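Colleague: I'm new to this one and would like a close look at a single part of it. Could you walk me through how the pieces there pack together?

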Amino acid sequence: MGFILKRLISALPVVPIVAVVIFLLIHAGGSDPARILAGDTATEASVEALRRHLALDRPLGEQFLAWLVQLGKGDLGTSIFYQRPVAEIILGRTGATAALALSAIFLSVLIGVPAGAYAAMRLGKPVDKAVTFFSALGFSMPIFLVAYSMVYLFSLKLGWLPAQGYAPPSNGLWAFVRSLALPALTLSIFNIALFARVSRATVSDMLKQDFIRTAAAKGASPRRILFVHAMRAAAVPIVTLIGTTFAGLIGGVVVTESLFNIPGLGRLVTEAILKRDFPIIQGLVLMTSVLYVMINLCIDLICAALDPRLAR
């Protein structure tokens, strides 16, 4: 319990610090959303009236205090462009991004961890060299090249999967899975390579430890040595990698969502930046920072449960 409280106390200051920094950075840009909304043909009087209506004519400190008061009430504000609550807009886009990130993580762990662990058991053998080669290939391929290759092969040549678009689960499970297949594969290529490399390095280090030699001397089978002893000891860095990768995917799927026309958070932040919609940008960054804090807290708790020495 003491460890949990200590981690909570250390994590709490992060969110307000991020909120202040993001507010100042966004407003330091000097762009005028009232001018963008009014259009190039609007008169100066109409732009000024819109600026007053949006409260953009107030001093920066007053705008910041008003934003903090709104946050205290659980209100992320109203979108300048859409004229709808920011929380409602973000909530409506979260489902697609979460489904995409979870699918990519699932594929990365399912393929990358066993491949890396198996390569660690066969160091220097053809299997190890093949895993190392494909890991390097996965790291070196730009995401847009992977996406276009997937679309060309699975959509244009074979006709198996849709090239673009997103079907929510309410449209049927099969349509939902088909719409996520190509973007999830595209996102997971880099992460499969990452998980394979980390798993290979971590498990190979564990296999050199004394407790592994002791288990082998007692007659434990290679499978038991790998899954019961080495993988359990290597779980902490792999769990940490899963958590940080998931948080990174939630906040950084801009390219993939744009390429596959998925209406998620990545596309929303792109639209908000282009339209200078400050409330949406602030809300998204704040939500992402809270998510990072929560995921890091969960990672610490899971790692402490796997290795109690970390909680001391």
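Modeller: Sure, and keep in mind that this is a predicted model. Let's start wide. The domain assignment splits the protein into domain 1 (14-85) and domain 2 (88-310). Their C-alpha centres lie 35 Å apart, and where they meet, 21 residues of domain 1 are in contact with 19 residues of domain 2.

The part I'd zoom in on is the pair of helices α14 and α15. Helix α14 takes in residues 265-274 and helix α15 residues 278-306. How do the two sit against each other? Their axes come within 9 Å and cross at roughly 145 degrees, and the crossing is left-handed. On the α14 side, the residues that meet α15 are L265, L268, V269, A272 and I273; on the α15 side, their partners are I280, I281, L284 and M287. Sorted by class, that contact has nine nonpolar residues, with no polar and no charged ones.

What does the record say about this stretch? An unreviewed UniProt entry annotates residues 280-306 as one of its "transmembrane region" segments. In the model, residues 280-306 are 100% helix and 0% strand, with the end C-alpha atoms 38 Å apart. Another segment under that UniProt annotation is 175-196, also 100% helix and 0% strand, with its ends 30 Å apart, C-alpha to C-alpha.

Now go back to L265 in α14, since it has a second link to follow. Besides meeting α15, L265 is touched by T97, a residue of helix α6 (residues 86-121). T97 counts as buried because its relative accessibility is 0%, under the 20% cut-off. Leaving out residues up to four places away in sequence, T97 touches I250, V253, E257, G264, L265 and G266.

V253 then takes us one step further, as it is a contact of L187 too. L187 is found in helix α9 (residues 173-206). Is L187 buried or exposed? At 7% relative accessibility, L187 counts as buried. Apart from sequence neighbours within four places, L187 is in contact with L100, A104, I143, L249, V253 and T256. For a sense of scale, L187 and K275 are 88 residues apart in sequence and 27 Å apart in space, C-alpha to C-alpha.

So here's a trail to follow on screen: begin at the α14 and α15 contact, step from L265 to T97, then go by way of V253, which T97 touches, to L187.

How values were computed: Residues numbered from 1 in each chain as written. Predicted model: local features only at pLDDT ≥ 70, side-chain atom pairs only at ≥ 80, totals over all residues. Heavy atoms only, no water. UniProt positions renumbered as here; feature names shortened; annotations may be inferred. Helix = DSSP H or I, 4+ residues; strand = E, 2+ residues; numbered from the N terminus. Buried < 20%, exposed > 50% of the residue type's maximum accessible area, 1.4 Å probe, protein only. Contact = heavy atoms within 4.5 Å. Axes fitted to C-alpha atoms, helices over the stretch in contact; angles between N-to-C directions. Left-handed = near helix turned anticlockwise from the far one by under 90°. Nonpolar A, V, L, I, M, F, W, Y, C, P; charged D, E, K, R; others polar. Domains from an automatic or database assignment.
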